[in-house]
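This briefing walks through the sheet, the helices that pack on it and one serine side chain. Please keep the sequence and the model at hand while reading.

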Amino acid sequence: MKFPRTAKIMGSQSDAAPYAAVFFLLVIFLLIAALLPTPGVGISLSLPTADDLSGASQPTVAVAIDCSNRLYFANQIISEAQLKASLSNTVSRTSTPLTLIIEADKTVSYDELLHLTLLARDSGITNALLATLPRVATAAATP
């Protein structure tokens, strides 16, 4: 006996509701991910105004300072006294003169930069440079 077949394989149009549900879930996940905090400290460096900025030819030591005047050395928040001791230890371990690279936020005052430079000088570092972001290269105009 042959039974009549009522189910048709791929006989109907695909429904858009499941695709829309997955799309809206994806949008919700992306919005939630955008609100999550990113790890690290945001320091916005100032852009250079000249093309002939000098670099450091000597070994360097980097110190960052954020908008709240918190100091960072070796990716750790550090106090001023601990920074001075760490810089002194670093200077005593090397035989060549060091250059201090200051990675300062745009909002850090000149007084704080000067104070940090003097602190490094007291530790034995005589050369200090301010870090900047590299200039964005512009494409040459084609004739």
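Two strands count as paired if DSSP finds at least two bridges between them. By that criterion this predicted model contains an open sheet of five strands in the order 3-2-1-4-5, with mixed pairing. Strand 3 (76-78) and strand 5 (127-130) stand at the edges and have a single partner strand each, so one side of each is left without a neighbour in the sheet. Averaged over the sheet and with direction ignored, neighbouring strands are turned by 35° against each other.

**Strand pairing**

- Strand 1 (residues 60-65) runs parallel to strand 4 (residues 99-104), and the two are joined by six bridges.
- Within this parallel pair, A62 has I101 of strand 4 as its bridge partner, while A64 is partnered in strand 4 by E103.
- Strand 1 also pairs with strand 2 (residues 71-73), here in the antiparallel sense and over three bridges, with I65 standing opposite L71 of strand 2.
- The hairpin formed by strand 1 and strand 2 has five residues between the strands, and in this hairpin N69 takes a positive phi near 60°.
- As general background, the side chains of a regular strand alternate between the two faces of the sheet.

**Helices on the sheet**

- Helix 2 (residues 80-93) packs on the sheet, where it touches strand 1, strand 2 and strand 3, and its direction makes about 30° with that of strand 2.
- Helix 3 (residues 110-123) lies across strand 1, strand 2, strand 4 and strand 5, and it runs at about 155° to strand 4.

**The surroundings of S123**

- Is S123, a residue of helix 3, buried or exposed? With a relative accessibility of 7%, S123 counts as buried, because the cut-off for buried is under 20% relative accessible area.
- A polar atom of the S123 side chain lies 3.1 Å from the backbone oxygen of L119.
- Leaving aside residues up to four places away in sequence, S123 touches K84, L87, S88 and V91; helix 2 spans residues 80-93, and these contacts of S123 therefore fall within the range of that helix.

Note on methods:
Residues numbered from 1 in each chain as written. Predicted model: local features only at pLDDT ≥ 70, side-chain atom pairs only at ≥ 80, totals over all residues. Heavy atoms only, no water. Helix = DSSP H or I, 4+ residues; strand = E, 2+ residues; numbered from the N terminus. Axes fitted to C-alpha atoms, helices over the stretch in contact; angles between N-to-C directions. Contact = heavy atoms within 4.5 Å. Buried < 20%, exposed > 50% of the residue type's maximum accessible area, 1.4 Å probe, protein only. Polar contact = N/O pair within 3.5 Å; in protein donor to acceptor, adjacent residues only side chain to side chain.
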